[in-house]
Amino acid sequence: MNDTMTREEKMKAAWQAVKKIIHETVKDLGGIPSGHLYAHVRGMMSLDVYNTMLSELKAEGKLSEENFYLTAN
């Protein structure tokens, strides 16, 4: 990240980077149960943050979820 970025810009960039990693992980795996994915990231983010990121990815059309199973679009 650029040193001239504000704290808010850095936070937004980090948020987008983590969302990208989640999307790419689901895509590379061909799908994964949501709970299994959260089990791998729970030490790095709260359940609320995880659910917010998933909600954003689904709203952007990048992920789908059916019966708690995530797939990449």
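Start with the outward side of helix H3: in this predicted model, the face turned away from the buried side of H3 carries the exposed residues Asp-48 and Ala-59. On the other side sit the buried residues of the helix, namely Tyr-50, Met-53, Leu-54 and Leu-57. Looking down the axis of H3, these buried residues fall within an arc of 100 degrees, so they line one face of the helix. The spacing fits a general rule: an α-helix has 3.6 residues a turn, so residues three or four places apart point the same way.

As for length, H3 runs over residues 47–59. Its 13 residues, at 1.5 Å a residue, should span 18 Å, and the C-alpha atoms at the two ends are indeed 18 Å apart, so expectation and model agree. After the helix comes Gly-61, with a positive phi near 80 degrees.

What do the buried residues of H3 pack against? Their partners are two helices, H1 (7–29) and H2 (34–41), along with two strands, S2 (63–66) and S3 (69–72).

Leu-54 gives a closer look at this buried side. This H3 residue has a relative accessible area of 2%, and since the cut-off for buried is under 20%, Leu-54 counts as buried. Setting aside neighbours within four places in sequence, Leu-54 is in contact with Ile-22, Ser-34, Leu-63 and Leu-70. Ile-22 lies 32 residues from Leu-54 along the chain, yet the C-alpha atoms of the pair are separated by 8.5 Å.

Definitions and conventions. Residues are numbered from 1 along each chain as its sequence is written. This is a predicted model: local features need pLDDT of at least 70, side-chain atom pairs count only at pLDDT 80 or more; totals for chains, interfaces and linings use all residues. Side-chain values use heavy atoms; hydrogens and water are left out. Helices (H or I, at least four residues) and strands (E, at least two) are DSSP runs, numbered from the N terminus. The expected span of a helix is 1.5 Å times one less than its number of residues. Buried means under 20% relative accessible area, exposed over 50%, partly exposed in between (1.4 Å probe, protein chains only). The arc is that of the directions from the helix axis to the C-beta atoms. Contact means heavy atoms within 4.5 Å.
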